[in-house]
Each structure stands twice: as C-alpha cells, then as structure tokens.
Amino acid sequence: MKKKLFGLLVVCIVVLLVALFWSYQQVQKFARTPLAITQETLFKLPAGTGRVALEGLLVRDKLIAHPRYFPWLLQLEPELANFKAGTYRITLGMTVREFLELLKSGKEAQFTVRFIEGTRFQDWMQVLAASPNLKHALANKDESQIAKVLGIPEGRPIEGWLYPDTYHYTAGNSDEMILKRAYNRMSKEVDDIWQDREKNLPYKTPEDLVTMASIIEKETGVGEERGKVASVFINRLRIGMRLQTDPTVIYGLGKNYNGNLTRRDLQQPTAYNTYVISGLPPTPIAMPSRASLEAAAHPDKTSYLYFVADGKGGHVFTTNLQSHNQAVRNYLQVLREKNEK
C-alpha cells in the first residue's frame, strides 16, 4: 500500500513538474511573441497604470494574444513590471518582453519639429500648431505675451531671435518649451558672434547684427555669396546709401503682399521699406541661420554697392550703377530666353 502511495506521489510530482515546465515554456513563448501590429504604433501609458490596467489596455488595443499568460510573465520576471508612464513607439516585430523593457526604460517616443532658415515667426507658429502630440500653451497669446513667456527682454522682438533648427520633443511637451530652447540657442549664438565680430562695423547693438543677418538670409541661398551680400549692405550703410532690398519691402507689406512686387509697392511707405527709409529696418525680417549671422559679423571686404540675380541661381555683384544696369539687362535677357523655350 505504501509503495502504491509513494508511486502515486512520484507520478503526481512528475505530472506537476511537467505541467510547470510546459507552463513556463508557454509563458516564455508568449514573451517572445511579437505584438499584434501591422505598422509602427504609438502606445500611451497613463500615469499610475498598474499590472492589471496595463493588461486591460493591451487587450483593448488587441496588441497581445493569450492575455492569460501576461500576469504569469510579470510574476516570473517582476523587474518587467517597473514600467513608467509616457507615450512609446512600438515598432514592427517588437515582442512582448521588448515592449515591457521599453516601458521599463522610460524611453518615450521622440517627435521632431523643423524650423527652416529665413522663415518668419508667424510661420513658426503655424508649424507648431500642426505638430502632433504637442501641448499648445501659446495658441491664444499675442506676440507681446509670448515674448514675455519666453523671457525675451522688453524691446527685443521675437522675429529674428529664434534659432532655426530641428527640435526634438516627447508627447505632452509644450510649444513654449520648444521656443524657449530656440530663443536661448539664438541668444547664445548671437552673444558669441557679437563678441567676435569685426571692428568698426556700422552696428550699435546685437539687434542690428541680427537684423542684417535676416536680410542676408532672405537675399541669397548660396553659401559663398553671403559675405558678398553682407559687404554690399555694409558699404551702403557706411556711405549713407539706402539698402533698397526687396525682402524688407515684402515684410512691411505683410498680408497685402500677393506674391508680385510692383513699382508701387517699392514706393509704399512702411517702417520696413528700405527704398523709403534710411539704415536698417526696425526689426529682423526672418530667422537667420548661423551662416548669415557670421556673414553679418564678418562681411567680405569689397567695393560692391549693387547685386542682381544672374538667372542661374546666383548673383552678379558690381561697384557702380552703370555696371549694375548692364547686369540687370543681362538678367532680363536670360529670363526672356527661358520663357521662349
């Protein structure tokens, strides 16, 4: 009788061990199973979410099959249960274990917003408004209120003082945070360049340098031309000649600019029309790149007073009006030939 009981006990233990081993294998197989997605997906884990609630979210979103193994996995590997709230990017082929390790790491999904050199503040606000998963804290504020929030000193405009670049953020970050980073970056760049600028330039303040850089930015997209463009405007300032640059006219026209700059527009008196006013306009007209800031601080040493497009993507620089007028005629001829083709 005792032998039978002992034999039965051994059988039960063996069956139990086999069942446990089988269960362990099933849990491990579950952990290696890819999440049920067909494309890259964002998963938001709210603050305070526990094991049961997480399982519920995964079942709701149909991300896992055989959810009964989920609590067993967390029992076997409790370190996987230390997940952190946030928005995470799930990639194709990511397994359940990899997903839990991602939640444990706290490495949230990164989003990017790109601001291009030469764009204006109103363009930046439109880009921010269209950016996903971003908190829009500045949406209902006017420019003066935004400047105050960003810590911009009174009297300094926002225009021109935000550094164009690609900025990374996580879900729930605010537009205010991004613009503060852009302003702090630009302030540092300008401080460094201002301290290292050439002597005897016709600038009274760093604001003047940024304004000049914004004009350079709008006048040419050819890197090697920036120093020459800067030299033209510096030379004009030094002799009291008006800058006569179209981008300032366009900026001053604001919403009235329809894409076609006319002779009447050039005569329209605005604070930014450098065909009418002398010296620099009152503020920058765009967000300049570091290259344009450097050009404004270290212009080429030339005698140029004029430049005009050459019809091939660059410009022709000249020292006198006669040569400039000939360059203009050449440019118009290039345009006519293009239109005839």
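What percentage of contacts in the protein chain between residues at least 6 apart in sequence join residues at least 24 apart? The share is 66%, and this report walks through the predicted model from its overall dimensions to a handful of individual residues.

## Overall shape and surface

Let's start with the whole chain. DSSP runs give 13 helices and six strands in the protein chain. The radius of gyration is 32 Å, well over the 20 Å that the globule rule gives for 341 residues, so the chain is more spread out than a compact globule. The C-alpha trace tells you about the extents too: along its principal axes it spans about 125 × 55 × 35 Å.

As for the surface, the accessible area of the protein chain comes to about 19400 Å², and carbon and sulfur atoms account for 53% of that area. Of the 341 residues, 42% count as buried. If you are thinking about electrostatics, the chain carries 44 positive and 35 negative side chains, with the centres of the two sets 8 Å apart.

## The largest nonpolar core

In soluble globular proteins, nonpolar side chains tend to be buried together. Here, the largest nonpolar core has 54 residues. Leu 162, Leu 179 and Met 212 are the residues with the most contacts inside this core. Several elements each supply at least two of its residues, and they include both strands and helices: strand 3 (111–114) and strand 4 (166–169) on the one hand, and helix 5 (121–129), helix 6 (143–150), helix 7 (175–195), helix 8 (206–219), helix 9 (226–239) and helix 12 (290–297) on the other.

Which helix gives the largest share of this core? That is helix 7, with eight residues.

## Val 210 and Asp 196

Two residues make a handy pair to look up in your viewer. Val 210 lies in helix 8, and at 0% relative accessibility it counts as buried. Not counting residues up to four places away in sequence, Val 210 touches Gly 160, Trp 161, Val 190, Pro 284, Pro 288 and Leu 293. For a distance check, the C-alpha atoms of Val 210 and Met 186 are separated by 9.8 Å, with their positions 24 residues apart along the chain.

Is Asp 196 buried or exposed? Asp 196, in the loop between helix 7 and helix 8, has 52% relative accessibility; the cut-off for exposed is over 50%, so Asp 196 counts as exposed. Its C-alpha atom is separated by 20 Å from that of Tyr 183, a residue 13 places away along the chain.

## Thr 87, Thr 170 and Leu 102

Now for two threonines whose contact lists overlap. Thr 87 sits in strand 2 (residues 86–90) and is buried, with a relative accessible area of 9%. Leaving aside neighbours within four places in sequence, Thr 87 is in contact with Leu 42, Phe 43, Lys 44, Glu 108, Ala 109 and Ala 171. Thr 170 belongs to the loop between strand 4 and helix 7, and its 16% relative accessibility makes it buried. With the same neighbours left aside, Thr 170 is in contact with Glu 108, Ala 109, Gln 110, Phe 111 and Asn 133. Glu 108 and Ala 109 thus appear among the contacts of Thr 87 and among those of Thr 170.

Leu 102 is found in helix 4 (residues 96–105) and counts as buried at 16% relative accessibility. Beyond its neighbours within four places in sequence, Leu 102 is in contact with Tyr 88, Arg 89, Met 94 and Lys 107. The C-alpha atoms of Leu 102 and Lys 84 are 9.1 Å apart, and the two residues are 18 apart along the chain.

## Backbone angles worth a look

Most residues other than glycine have a negative phi. Which way does phi go at Asn 133, positive or negative? Asn 133 has a positive phi of about 60 degrees, although it is not a glycine. This residue, one of the contacts of Thr 170, is found in the loop between helix 5 and helix 6. At 36% relative accessibility, Asn 133 counts as partly exposed.

Gln 244 is another residue to check, with a positive phi near 50 degrees. Gln 244 is placed in the loop between helix 9 and helix 10 (246–253) and counts as partly exposed, at 36% relative accessibility.

Methods. Residues are numbered from 1 along each chain as its sequence is written. This is a predicted model: local features need pLDDT of at least 70, side-chain atom pairs count only at pLDDT 80 or more; totals for chains, interfaces and linings use all residues. Side-chain values use heavy atoms; hydrogens and water are left out. Helices (H or I, at least four residues) and strands (E, at least two) are DSSP runs, numbered from the N terminus. The radius of gyration is taken over C-alpha atoms; the globule rule is 2.2 Å times the number of residues to the power 0.38. Buried means under 20% relative accessible area, exposed over 50%, partly exposed in between (1.4 Å probe, protein chains only). Contact means heavy atoms within 4.5 Å. Accessible areas come from the Shrake-Rupley method with a 1.4 Å probe; for residues, only the protein chains shown count as cover. Lys and Arg count as positive and Asp and Glu as negative; His and the chain ends are not counted. The place of a charge is taken as NZ of Lys, CZ of Arg, CG of Asp or CD of Glu. A nonpolar core is a set of buried Ala, Val, Leu, Ile, Met, Phe, Trp, Tyr and Cys residues joined through side-chain atoms within 4.5 Å.
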